[in-house]
Amino acid sequence: MMRIGRRGLLQAAVVTPLATPALAQLTVTIDRGTVRPLPIAVSPFYGADAALQDEGRRIAEVIAADLGSSGLFRTIDPLAYIQSPADLAASGPRFAEWRPINAEALVMGQVSTLAGGERVVDFRLFDVFAGSELRGLRFTGTEAEWRRIAHKIADEIYARITSETGYFDTRIVYVAEDGPETARVKRLAIMDQDGANHSFLTRGDALVLTPRFAPDGTTIAYLTYAYGQPQIALIDTGGNERLLGGFEGMTFSPRFSPDGRLLALTLAEGGNSDLYVYDRRSETRRRLTDGPGIDTSPSFDPTGGQIVFNSDRGGSPQLYVMPSGGGAAQRISFGQGRYGSPAWSPRGDLIAFVNQQGSDFHIGVMRPNGADERLLTRSYMDEGPRFAPNGRVVIFSRTDPQRGRTRLYSIDVTGYNLRELATPLDASDPDWSPLRR
Amino acid sequence: MRSLALILSLLVVAACSSTEPGEPTLDTAVPSLNQGQGAGFSPGSQAALQAEAGDTVYFAFDSSAIRAESQAVLRQQAAWLEANPGVIVTIAGHADERGTREYNLALGERRADAVRSYLIGIGVPGDRIRTISYGEERPAMAGDNEQAWAANRRAVTTVGAVS
């Protein structure tokens, strides 16, 4: 039993299987550039009355949207379903009624209430062709937590089918942009990864840039122009703000260490930008680089032992890796053009970056030693790649000058499944939260 | 008129110290000073700085080198600061959008400091010059072409400390 959520009410427990547990594996292999999406039916969850049935339908819709957005699943239209939610709840799945609509996997569930009004949501995942149950869990949470429960169910299904950790119960922080190009109003904004529960964290009276989640998922470091000299501030999801004080020059490009104790950042003094590591507990700093070139955009590896960063010490902006405790830096980018904005995957296997060649911008990935470079995108301007917590998906912003808009996009690290994320305004500088607990 | 005479003498000193060939000469710069005085700008104001010296210098792509034509503008700024001794200025460094946001913040800082260093080098006290970088955040000209990018790679001298 895991306890999650602010009030500790959202909980999960394994439920007794209705059908034979699976022996064979129903899987999607996601290491190739293209996949055959797995056809999956997500039945509206059953509820004993109309209100619970409506909630059950909405839960199924969120699950289906999550799975579909990954590009690894093809959700089958509920209009094609033969067996009803009530019949599923009463008798379990009749697989012969799911095979004709080519559903290879089936999700069913049930919503009920406890005396205090809390919701109990059961879900079960079946391999339709084997006629076996792959996963069954019971979630308990508040009425308001129904979307999170749906995301957690989608994460369970994704994990069971792909053998990768899910990323649907997560949030995105980004910079919402408004107004003319020469006088943009920028505000920090936060939303669920599917765009729901959108809110603004700052008012737009001061320029703000580059928000980055701490590993706790609730603290966000960012650059603010609200106090004269541009500097890094910390804000929580409730909007409480404080400055990271004690620096005599401009500080920018904040990135947390994986344990959240350290912030790597850039300090500009006398026109020269160098990397520092700031210890949040002792409020002390350690200088990492010391040279006339620009050193910026640091990003920790998942062990916290290494940092990838952007430097023009060799004459043009390139990517370098160095120990986070200080030491020699190794250049890792050797392709065409200019490199920037490196982000180390939480899995440790890849570094995402921006590559600029002539009039084109690309988002790309490479191994931490610089090998196996692959450019995933190409456009007038793609910027700011950051990884989903499972390291499978990269989020970034794209500016389209023809349409006069800048929006958030995600793409699988294989280069497959480019998708625009819906935002109410223009959007840039996204960061993906850790999986919520 | 005392201040104008001072400006002229300073300009001559600055010109003597420069050996760059093919620069705009002082003869082209001096009339603009006279025009500025004649127009009656509020002394020490941004409008006065803009009219009497010029407040903006431009840079090549990914460069913070002070160009020859920029040196002439900065010498006029130095003279103007000498003539307006109470004024503190902030140099705002800017970049075009053709780079990553954080690299451009560093580049804007480097450009602002290049201007500050040049002004100090020709005699302006360092404690009168602050710097700030806006990176690619405050373009002067909208557009997705070289003309706009060139207009945005700039450092603007602004009357006042960082607010």
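Three bridges join strand S30 (residues 405-412) of chain A to S31(A), and the two run antiparallel; strands here are DSSP runs of E of at least two residues, numbered from the N terminus, and two strands pair if DSSP finds at least two bridges between them. Tyr409(A) sits across from Glu420(A) in S31(A). Both strands belong to an open sheet of four, ordered S28-S29-S30-S31 in chain A, with antiparallel pairing. At the edges are S28 (381-387) and S31 (419-421) of chain A, each paired on one side only. From one strand to the next the twist averages 35°, taking axes as lines fitted to C-alpha atoms and angles from 0 to 180 degrees between N-to-C directions.

All of this comes from a predicted model, in which local features need pLDDT of at least 70 and side-chain atom pairs count only at pLDDT 80 or more, while totals for chains, interfaces and linings use all residues. Residues are numbered from 1 along each chain as its sequence is written, chains are lettered from A and ligands numbered from 1 in the order in which they are written, and side-chain values use heavy atoms, with hydrogens and water left out. Chain A averages a pLDDT (the predictor's confidence in each residue, from 0 to 100) of 93, and 94% of the residues score at least 70. Over residues 1-8 of chain A the pLDDT is below 50, yet this stretch has 17 contacts (heavy atoms within 4.5 Å) beyond near neighbours in sequence.

Strand S21 (residues 306-311) of chain A has five of its six residues buried, that is, under 20% relative accessible area with a 1.4 Å probe, protein chains only. S21(A) pairs antiparallel with S20 (residues 295-300) of chain A over four bridges, one partnership being Thr296(A) with Asn310(A). Five residues separate the two strands of this hairpin, and Gly304(A) in the turn has a positive phi of about 85°. S21(A) also pairs antiparallel with S22 (residues 318-323) of chain A, over six bridges; Val308(A) is matched with Val321(A) there. In that hairpin six residues lie between the strands, and Gly315(A) takes a positive phi near 115°.

As for nonpolar cores (buried Ala, Val, Leu, Ile, Met, Phe, Trp, Tyr and Cys residues joined through side-chain atoms within 4.5 Å), the largest has 47 residues, with Phe45(A), Ile63(A) and Ile157(A) touching the most other members. Leaving aside neighbours within four places in sequence, Ile157(A) is in contact with several residues, including Ile40(A), Phe73(A) and Phe123(A).

Notes
Buried < 20%, exposed > 50% of the residue type's maximum accessible area, 1.4 Å probe, protein only.
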